[in-house]
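User: Hi! I am new to reading protein structures. Could you take me through this one step by step?

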Amino acid sequence: MSIKKAFITGASSGIGLATVQHLVEKGWEVAATLRRPDAVPELQQQSGVRIYALDVCDSQQVKELVQQAWQDMGHIDVVINNAGYGAIGPFEAASEEAVARQMDTNYMGTVRVIQAFLPLLKAQKSGVIINLSSIAGRLGFPLYNIYNASKFAVEGLTESLYYELHPFNIAVRLVEPGPIKTEFNGRSKQEVVAPDHLGYEALTTKVLGFYDQMFQHAEEVDVVARTIYRAATRKGSRIRYPAGRNAQLLLLLNKLTPGAWLRRISRAILLP
Ligand SMILES: NC(=O)c1ccc[n+]([C@@H]2O[C@H](COP(=O)([O-])OP(=O)(O)OC[C@H]3O[C@@H](n4cnc5c(N)ncnc54)[C@H](OP(=O)(O)O)[C@@H]3O)[C@@H](O)[C@H]2O)c1
């Protein structure tokens with residue numbers, strides 16, 4: 001059997017880095033892309049890993065890099081769209097630029113990478129595309145408004161592509177983590193701060209406090225790396241792969257209970 005090969009964005013930390021390490025442990029070769037290739041020295045020494053500079057917001061760089069990586073790797077079986085960050089804060093206070101940047105990274109970044117790979121995967125007559133979504137791609141959470149929108153967009157795109165790409169033997173998958181210990185709620189968090197006169201102070205204090213506590217009990221990153229591996233290797237028509245106990249429980253609850261009921265409970269927990 002030939003060695004499996006993967007391409008991943010946002011490999012500098014968190015889920016991306018853990019996934020590279022997990023795939024290499026499984027004997028895969030990985031094209032690991034990150035904005036600053038020298039940011040993770042241990043990745044440079046890892047055998048089975050080729051490192052590339054890539055900012056998913058740079059269309060030209062995405063097009064050129066995908067061609068380059070394909071040439072270097074010989075072929076690529078699995079494309080993992082992982083790069084992303086979370087904007088958080090009252091929607092009313094979010095600048096147009098902040099909204100555009102969130103969509104440009106989380107949604108358009110995924111769009112650019114998929115479009116660059118499609119001709120290659122079609123010619124190969126096989127491939128798996130895995131898009132990192134979130135429980136926030138299925139459920140709305142206060143203050144995560146534009147992050148929610150970006151992940152709902154990724155979910156809709158992926159579900160539509162399931163049908164379009166099926167005739168070409170290209171599978172699409174969504175991995176949906178709950179809270180995970182990474183830089184997501186740290187260095188990568190982009191906070192939108194609302195001026196006091198808009199009246200969101202009490203809500204912001206309560207909700208951000210709840211999220212900080214929630215992230216203190218977040219699950220370890222390898223739970224997502226293992227789920228990505230499962231999504232990459234399973235056959236069949238399943239699109240969605242919740243990652244971790246918290247995500248599985250919440251999404252099950254969402255499936256089994258009326259939306260209004262879950263919203264009332266969430267409101268009681270989250271709002272002042
Ligand atoms: N952690 C969670 O609780 C959680 C839950 C659900 C979903 N997710 C999703 O999981 C994915 C990975 O996040 P994480 O938790 O591993 O957070 P992380 O540790 O902050 O990693 C985010 C990665 O995305 C990269 N990135 C951001 N903007 C980029 C751009 N324009 N071009 C290329 N790379 C870019 C970052 O690179 P730099 O180092 O250059 O900033 C970093 O490598 C994201 O899509 C996130 O939405 C996370």
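Analyst: Happy to! Let us begin with charge: Lys and Arg count as positive and Asp and Glu as negative, while His and the chain ends are not counted. Each charge is placed at NZ of Lys, CZ of Arg, CG of Asp or CD of Glu. This is a predicted model, where local features need pLDDT of at least 70 and side-chain atom pairs count only at pLDDT 80 or more, while totals for chains, interfaces and linings use all residues. Residues are numbered from 1 along each chain as its sequence is written, and side-chain values use heavy atoms, with hydrogens and water left out.

User: How far apart are the mean positions of the positive and negative charges of the chain?
Analyst: The chain has 29 positive and 25 negative charges. Taking the mean position of each set gives two points, and their separation is 10 Å.

User: How many helices and strands does the chain have?
Analyst: Helices (H or I, at least four residues) and strands (E, at least two) are DSSP runs, numbered from the N terminus. By that rule, the chain comes to 9 helices and 9 strands.

User: Why is the chain called as compact as a globular protein of its length?
Analyst: The radius of gyration is taken over C-alpha atoms, and the globule rule is 2.2 Å times the number of residues to the power 0.38. For 272 residues the rule gives 19 Å, and the chain is close to that, so it counts as equally compact, with a radius of gyration of 19 Å.

User: What percentage of the residues in the chain is buried?
Analyst: Buried means under 20% relative accessible area, exposed over 50%, and partly exposed in between (1.4 Å probe, protein chains only). Of the 272 residues, the buried share is 47%.

User: Which residues have the most contacts inside the largest nonpolar core?
Analyst: A nonpolar core is a set of buried Ala, Val, Leu, Ile, Met, Phe, Trp, Tyr and Cys residues joined through side-chain atoms within 4.5 Å. The largest one has 32 residues, and strand E2 (29-34) and helix H7 (222-233) are among the elements that each supply at least two of them. The residues with the most contacts inside this core are Val20, Leu43, Ile80, Ile130, Val175 and Val224.

User: Is Ala32 buried or exposed, and which residues does Ala32 touch?
Analyst: Ala32 sits in strand E2 and is buried, because its relative accessible area is 0%. Contact means heavy atoms within 4.5 Å. Leaving aside neighbours within four places in sequence, Ala32 is in contact with Ile8, Ala11, Val20, Leu43, Val49, Arg50, Ile51 and Tyr52.

User: Which residues does Glu42 touch?
Analyst: Glu42 is in helix H2 (residues 41-44). With a relative accessible area of 44%, Glu42 is partly exposed. Not counting residues up to four places away in sequence, Glu42 touches Leu17 and Gln21.

User: What is the phi of Leu143?
Analyst: Most residues other than glycine have a negative phi. Leu143 lies in the loop between E6 and helix H5 (145-165), and counts as buried at 6% relative accessibility. Although Leu143 is not a glycine, its phi is positive, at about 75°.

User: Where is Asn169, and what is its phi?
Analyst: Asn169 is in the loop between H5 and strand E7 (170-177). Asn169 is not a glycine, yet it has a positive phi of about 60°.
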